[in-house]
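These are my notebook entries on one protein chain. I set down what I looked up, step by step.

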Amino acid sequence: MRPSIHLALYCLGLAKAETQVTPTERQCLLDHARGSKLAAEIGVWHGVTTSAVRKVMDASGTLYAIDPYPVGRMGFSIQRLIASRELQKSRGAEVQFVRLIGVEAAERFLDDGLSNFNFVFIDGDHSFEGLKGDWECWSRLVQVGGCIALHDSQSSASRDIETAGSVQFTKQVILKDASFEVVSQAETLTVLRRKSLPHT
């Protein structure tokens with residue numbers, strides 16, 4: 001369906017906001033995001049997961065919704081508009097949109113000295129190099145005890161994605177990172193907790 005048609009149907013209440021995260025994966029994310037004061041989601045799309053995560057965070061917290069949202073043919077981002085409307089339906093932690101790719105946003109936070117995230121959900125570029133860039137930047141921003149969740153990081157019973165770059169990078173690099181431990185897996189989702197700071 002064309003984005004413009006989907007937007008029209010959405011505004012009329014005849015179509016829902018879209019998400020690639022399954023209900024099982026979303027519940028796993030919420031279990032680990034609960035009570036967080038500082039969180040980020042890389043790859044927001046229509047804001048379905050963003051809206052759910054803000055509800056379970058500490059009400060005084062901040063959730064950074066990171067997505068470049070390129071401007072489309074209509075002169076604006078349809079996906080950004082839908083995400084904004086979805087967030088208007090929910091209450092909870094403050095949500096701040098950051099219209100950058102994941103690596104650029106992480107570099108900005110590092111420059112600002114913001115490196116105490118409780119929860120980060122990476123669901124952006126699923127190529128090998130894309131996840132490599134996000135992991136190398138965002139894993140540095142998660143505090144000890146904080147969690148980082150990775151979408152499309154393993155195959156599930158219904159989705160064989162073994163050849164995906166994000167799965168290969170997870171297996172070859174992330175699961176071997178001694179600073180993190182796997183605490184949950186749900187369908188294509190992997191959640192890791194930082195157990196120590198990296199050795200320098």
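The entries below go from the overall form of the chain to its charged side chains.

**Entry 1: the model.** I noted at the outset that this is a predicted model.

**Entry 2: secondary structure.** I looked up how many helices and strands the protein chain has, and I found seven helices and seven strands. I then read their order along the sequence, which is α-α-β-α-β-α-β-α-β-α-β-α-β-β. The pattern thus opens with two helices and ends with two strands.

**Entry 3: overall form.** I asked how the radius of gyration of the protein chain agrees with that of a compact globule. For 200 residues, such a globule would have a value near 16 Å, and the protein chain has 16 Å, so the two agree. I also recorded the span of the C-alpha trace along its principal axes, which is about 50 × 40 × 30 Å.

**Entry 4: interior and surface.** I looked up burial and found that 50% of the 200 residues count as buried. The protein chain exposes about 10000 Å², and carbon and sulfur atoms supply 51% of this area. I then turned to contacts between residues at least 6 apart in sequence; 69% of them join residues at least 24 apart.

**Entry 5: charges.** I recorded 22 positive and 23 negative side chains in the protein chain. The centres of these two sets lie 6 Å apart.

**Entry 6: salt bridges.** How many salt bridges does a search of the whole structure find? The search finds five, and I examined three pairs in detail.

- I found Glu86 joined to Lys89 by a salt bridge, at 2.8 Å from N to O. Glu86 has 12% relative accessibility and counts as buried because the limit for that class is under 20%. Lys89 has 58% relative accessibility and counts as exposed because this is over 50%.
- I found a salt bridge between the side chains of Asp152 and Arg159, also with a distance of 2.8 Å from N to O. Asp152 is buried, with a relative accessible area of 9%, whereas Arg159 is partly exposed at 31%.
- I found Glu162 and Lys171 in a salt bridge of 2.4 Å, N to O. Glu162 is partly exposed, with a relative accessible area of 28%, and Lys171 is partly exposed at 41%.

**Entry 7: review.** Looking back over these pairs, I noted that a buried Glu86 meets an exposed Lys89. In the pair of Asp152 and Arg159, I noted a buried residue and a partly exposed one.

How values were computed: Residues numbered from 1 in each chain as written. Predicted model: local features only at pLDDT ≥ 70, side-chain atom pairs only at ≥ 80, totals over all residues. Heavy atoms only, no water. Salt bridge = Lys/Arg side-chain N within 4 Å of Asp/Glu carboxyl O. Buried < 20%, exposed > 50% of the residue type's maximum accessible area, 1.4 Å probe, protein only. Helix = DSSP H or I, 4+ residues; strand = E, 2+ residues; numbered from the N terminus. Rg over C-alpha atoms; globule rule 2.2 N^0.38 Å. Contact = heavy atoms within 4.5 Å. Areas by Shrake-Rupley, 256 points an atom, 1.4 Å probe, with all protein chains shown as cover. Lys, Arg positive; Asp, Glu negative; His and termini not counted. Charge placed at Lys NZ, Arg CZ, Asp CG, Glu CD.
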